[in-house]
Amino acid sequence: MTIAAERNNKERFAPIVEGLENHEAQQLQVACMQLINALVTSPDDLDFRIHLRNEFLRCGLKKILPEIKKTEELDIQLKVFNENKDEDAIELSHRLDDIRAEMEYPFVFCVDT
């Protein structure tokens, strides 16, 4: 996907996002959203998941999501996307809280008793 996108001067996930714009083919929309969810949720690394999700959003997913005509199957996939996004946001927030705590209290002395 990456090589083909570079050759065509496109974002690598643009064809998947374009599939969501086809309101006539609801099964295609569901399949595209399933693929997006599979790609975004499979990495263990939080930073990589956020990177992939943001790449999809930059390709036009952010603009398309509010316009999608929701069906039951598509609604399930959108819910999965949003739940995973929220879970990653919480995990990132915890990470930032830990960093903030380390910066506020950089010197912890251990005293042997």
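The exercises below work through cysteines, salt bridges, a surface patch and one buried residue in a predicted model.

Residues are numbered from 1 along each chain as its sequence is written, and side-chain values use heavy atoms, with hydrogens and water left out. Because the model is predicted, local features need pLDDT of at least 70 and side-chain atom pairs count only at pLDDT 80 or more, while totals for chains, interfaces and linings use all residues.

**Exercise 1.** Determine how many disulfides the structure holds, and explain the result for C59.

*Solution.* Begin with the rule, by which a disulfide is a pair of cysteine sulfur atoms within 2.5 Å. The structure holds 0 disulfides, and C32 is in none, the nearest cysteine sulfur being that of C59, 12 Å away. Seen from the other side, C59 has its closest cysteine sulfur in C32, and the two are unbonded because 12 Å is too far for a bond. Next, turn to accessibility, where buried means under 20% relative accessible area, exposed over 50%, and partly exposed in between (1.4 Å probe, protein chains only). C32 counts as buried because its relative accessibility is 9%, and C59 is buried with a relative accessible area of 16%.

**Exercise 2.** Find the partner of R12 in a salt bridge, and state where each of the two residues lies.

*Solution.* As background, side chains of opposite charge can pair when their charged atoms come close. The rule used here asks for a side-chain nitrogen of Lys or Arg within 4 Å of a carboxyl oxygen of Asp or Glu, and by it the count comes to 6 salt bridges. The side chain of R12 meets that of E55, at 2.7 Å from N to O. This pair links distant parts of the chain, since R12 is in the loop between α1 (2–7) and α2 (14–20), whereas E55, 43 residues apart from it, is in helix α4 (residues 46–64). Helices here are DSSP runs of H or I with at least four residues, and they are numbered from the N terminus. R12 counts as partly exposed at 23% relative accessibility, whereas E55 is buried at 6%.

**Exercise 3.** Identify which residues are joined into one network by salt bridges that share partners.

*Solution.* Start with D88 and R53, whose side chains meet in a salt bridge of 2.8 Å, N to O. D88 is in helix α5 and R53 in helix α4, 35 residues apart, and both residues are buried. Salt bridges that share partners then join R49, R53, D88 and E91 into one network. For another pair, take D47 and R95, which also form a salt bridge, at 2.8 Å from N to O. D47 lies in helix α4 and R95 in helix α5 (residues 72–104), 48 residues apart. D47 is partly exposed at 41% relative accessibility, and R95 is partly exposed with a relative accessible area of 30%.

**Exercise 4.** Decide whether Q29 is buried or exposed, and list its contacts beyond four places in sequence.

*Solution.* Locate Q29 in helix α3 (residues 26–41). Q29 counts as buried because its relative accessibility is 1%. Finally, apply the contact rule, heavy atoms within 4.5 Å; leaving aside neighbours within four places in sequence, Q29 is in contact with G19, L20, N22, H23, I68 and L74.
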